[in-house]
Amino acid sequence: MGRRRVMAGQRLGLLTPLALLGLLVGLADLSHGFAGEDEDYYMQELLTREQLNQVRVQEKPAASTPDMHEQPSQSPTKKAPKGDAGSGRQTGKTTADGKTVKTPNKKAEKSKKSAAKSATGTSDGGRQYNSMNEECPPMGLETLRIDDFQLHASTTKRYGLGAHRGRLNIQAGIYEDDLYDGAWCAGIDDPLQWFEVDARRLTKFTGVITQGRSSLWSSDWVTSYKVMVSNDSHTWITLKNGSKDLIFIGNREKEIPVRNMLPEPVVGRYIRVNPRSWFHSGSVCMRVEILGCPMPDPNNYYHRRNEVITTDNLDFRHHSYKEMRQLMKVVNEMCPNITRIYNIGKSHSGLKLYAIEISDNPGEHEVGEPEFRYTAGSHGNEVLGRELLLLLMQFMCLEYRSGNQRIRHLVAETRIHLLPSLNPDGYEKAFEAVAVETRALIAWMEKIPFVLGGNIQGGELVVTFPYDKTRSQGVAREQTPTPDDHVFRWLAFSYASTHRLMTAANRRVCHTEDFAKEDGTINGASWHTAAGSMNDFSYLHTNCFEFSMYVGCDKFPHESELPEEWENNRESLLVFMEQVHRGIKGVVRDLQGRGIANAIVSVQGIGHDIRTASDGDYWRLLNPGEYRVTAKAEGYSITSKKCEVGYEMGATSCNFIIGRTNLSRIKEIMEKFNKRPIRLPVSQLQARRTREMRLGT
């Protein structure tokens, strides 16, 4: 007990630098008023949803519209265009998933002006009231914290368009059907329809976010709506603008979310969105997120059952590029003996792509020590992977210092590389220059002999493995296994099975596919269409087995949801790293004991070879079993032996000594003498005798 208290005290002490990080970044902002390397275009994208609790509310006078299928006007002096119901003036910064906000930060305002070309799309709906500027985080329709039984609707067009599908950013399948469609759609297109959320406890509601229907074939969105609240689902109170019902301006297209803040917070258990007008050529369809704070209620059964609490004292917040760099520096200063910060290149706009190495000998490749990597942020609008890797580096540093033997062993036996943001420019800029980051990544992969890697992403709950591209011409999706398919499936399952949600039989699907039936894993080519992927490149051109981990339904979780996302993924992140020590390892040497670089190591029955690193060492991921392994190199003889892989963690040593072939020795001698014939005394004697015999005859 005393030891626990001491360790707890040590950890609190270690957190002091992290606690000061916010202050350091704030001071840095005051000293830099210009755009340069620190200009965080990525963060401007990121603000869109992170600022659901910090956005500056702009007052905009507008006449409320109590009628049903009429649209609210934008101002008393300007009519909205006919046929564009409830379009509203929409300004702000647009993210890849189409969300925009106005930022309260002066620097962000300046950045937004300088990047006016990206300032299009959605934002807050038109203001018709004075908001109290008080917000709460999303309740969790998108992240599935709100389950299907908490969503209700007046009518439904069909099951696949039921209330359970009315979640923000939910995606429809390519082939829309009765099961998985892209919104809630009312069975009747009239102003009496409603979409209802049961919070299961008293909640302070502060805002509503809406989208249209996700569909390749239909154009459906709600252009205006009312909001009602209730404590018993029978008696409803409609929000008012003076004596009239308050009409909120909705969407003007189907993908870009529009957020409306309530004029002041309202408390209730139930909240309804009542569509009043919709796109003239479409139907009453919408996707929704509610902003709300649960009121204190320790006796609430549902809250206790669903609550996830972390005991790790980490920096749970969104980080800009500058803040990310500063946090990595803090971790490096806390653990200088086991960390090293370096960059693998620059992005299209010149931002450095920073990585941190965690090992007991940073900066040095050690024979027999495998190289592992996690990357994140390949798309500018995905923040979940970025934040998870920042949390992971904090966690490993703190746990190492506190004496956690599991972490100490992992650091001592593995060279770990974490690249939290492969695309710091943000989606819009990187879309036109993805090749820059890709070239930097490829050069990184070719320089370091990685054995195992994972790219952390959001938007689903599944682990994908190669091949990601089908091999059949003209076929978009089909099972396309690699020669190491069994190994890939084992490794993918190691992550999915230790994730809190991926393999849960009772969890709801994120969008359209129930990956829990596949144990939370899938062959990439059988799931999505791709022209190719870094996973395939890594397998075909390097020694590394690469995976894509989709670790949460929401690509951009609210800050308040980061502790839960960390708890969902912490064990998986560690377990997957430990798998780099599964299989066989060794060194291929010559007769003088020197390591042979670029030697080929083959496993009988598996049509995929690997090559040794510069020191002659290699690692080969394999499932438990007995294998016939062969080592060969140009100019050397071929050697084979049996190597056995057990179920316990730790790679089996399988070393090789190979000698030069006679032909290679002859070639070496000839090259030494510039390929001229070698004159030996015997040859000279033979030549002399031949001449003498000729003279004698």
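1. A residue is called buried here when its relative accessible area is under 20%. By that cut-off Pro557 is buried, because its relative accessible area is 0%. Please keep in mind while reading that this is a predicted model. Pro557 sits in the loop between strand E18 (545-552) and helix H14, and that helix will come up again in several of the points below.

2. What does Pro557 touch, once its neighbours within four places in sequence are left aside? The contacts are His318, Val383, Leu384, Leu562 and Glu565. Two of these are worth remembering for the helix packing: Leu384 belongs to H8, and Leu562 belongs to H14. Pro557 can also be related to a distant part of the chain: Pro137 is 420 residues away in sequence, while the two C-alpha atoms are separated by 9.7 Å.

3. Stepping back for a moment, here is the whole protein. It has 697 residues, and 55% of them are buried. The secondary structure amounts to 16 helices and 26 strands. Of the contacts with a separation of 6 or more, 77% are between residues 24 or more positions apart. The exposed surface comes to about 31100 Å², with carbon and sulfur atoms supplying 52% of that area.

4. Now to the helices, beginning with H8 (residues 384-401) and H14 (residues 562-578). Their axes come within 10 Å and cross at roughly 65°, which means that H8 is roughly perpendicular to H14. The crossing is right-handed. On the H8 side the contact is made by Leu384, Glu387, Leu388, Leu391, Leu392, Phe395 and Met396. Facing them in H14 are Leu562, Glu565, Trp566, Asn569, Arg570, Leu573, Leu574 and Met577. Sorted by class, this contact holds eleven nonpolar, one polar and three charged residues.

5. H8 has a second partner, helix H9 (residues 405-413). Which way do these two run relative to each other? They pack at an angle of about 110°, and their axes are 8 Å apart, so H8 is roughly perpendicular to H9. From H8, the residues Phe395, Met396, Glu399 and Tyr400 meet Ile407, Arg408, Leu410 and Val411 from H9. Six of the residues in this contact are nonpolar, none are polar and two are charged. If you are following along in the viewer, notice that Phe395 and Met396 appear in the contact with H9 and also in the contact with H14.

6. H9 and H14 pack against each other as well. The angle is about 40°, with the axes 11 Å apart, so H9 is oblique to H14. This crossing is left-handed. Arg406, Ile407 and Leu410 in H9 meet Glu571, Leu574, Val575, Met577 and Glu578 in H14. By class there are five nonpolar, no polar and three charged residues in this contact. Here too some residues recur: Leu574 and Met577 of H14 meet H9, and they also meet H8.

7. For a look at a strand, turn to Ala199, which is found in E3 (residues 195-211). Is Ala199 buried or exposed? Ala199 is buried, because its relative accessible area of 11% is under 20%. Setting aside neighbours within four places in sequence, Ala199 is in contact with Met139, Gln150, Phe205 and Arg269. Tyr270 lies 71 residues away in sequence, and the C-alpha atoms of Ala199 and Tyr270 are 6.1 Å apart.

8. One peptide bond deserves a check by eye. Pro466 and Tyr467 are joined by a cis peptide bond, with omega at about -5°. Tyr467 is placed in the loop between strand E16 (460-465) and helix H12 (485-496).

9. Finally, two backbone angles in loops. Asp519 has a positive phi, near 60°, although it is a residue other than glycine; its place is the loop between H12 and strand E17 (521-523). Asp519 is partly exposed, with a relative accessible area of 42%. Asn598 likewise is not a glycine and has a positive phi of about 65°. Asn598 lies in the loop between strand E19 (584-589) and strand E20 (600-603), and it counts as partly exposed at 48% relative accessibility.

Key
Residues are numbered from 1 along each chain as its sequence is written. This is a predicted model: local features need pLDDT of at least 70, side-chain atom pairs count only at pLDDT 80 or more; totals for chains, interfaces and linings use all residues. Side-chain values use heavy atoms; hydrogens and water are left out. Axes are lines fitted to C-alpha atoms, for helices over the stretch in contact, and angles run from 0 to 180 degrees between N-to-C directions. Helices (H or I, at least four residues) and strands (E, at least two) are DSSP runs, numbered from the N terminus. Angles under 35 degrees count as roughly parallel, over 145 as roughly antiparallel, 65 to 115 as roughly perpendicular and the rest as oblique. A crossing is left-handed if the near helix is turned anticlockwise from the far one by less than a right angle, and right-handed if clockwise. Contact means heavy atoms within 4.5 Å. Ala, Val, Leu, Ile, Met, Phe, Trp, Tyr, Cys and Pro count as nonpolar, Asp, Glu, Lys and Arg as charged, and the others, Gly among them, as polar. Buried means under 20% relative accessible area, exposed over 50%, partly exposed in between (1.4 Å probe, protein chains only). Accessible areas come from the Shrake-Rupley method with a 1.4 Å probe; for residues, only the protein chains shown count as cover.
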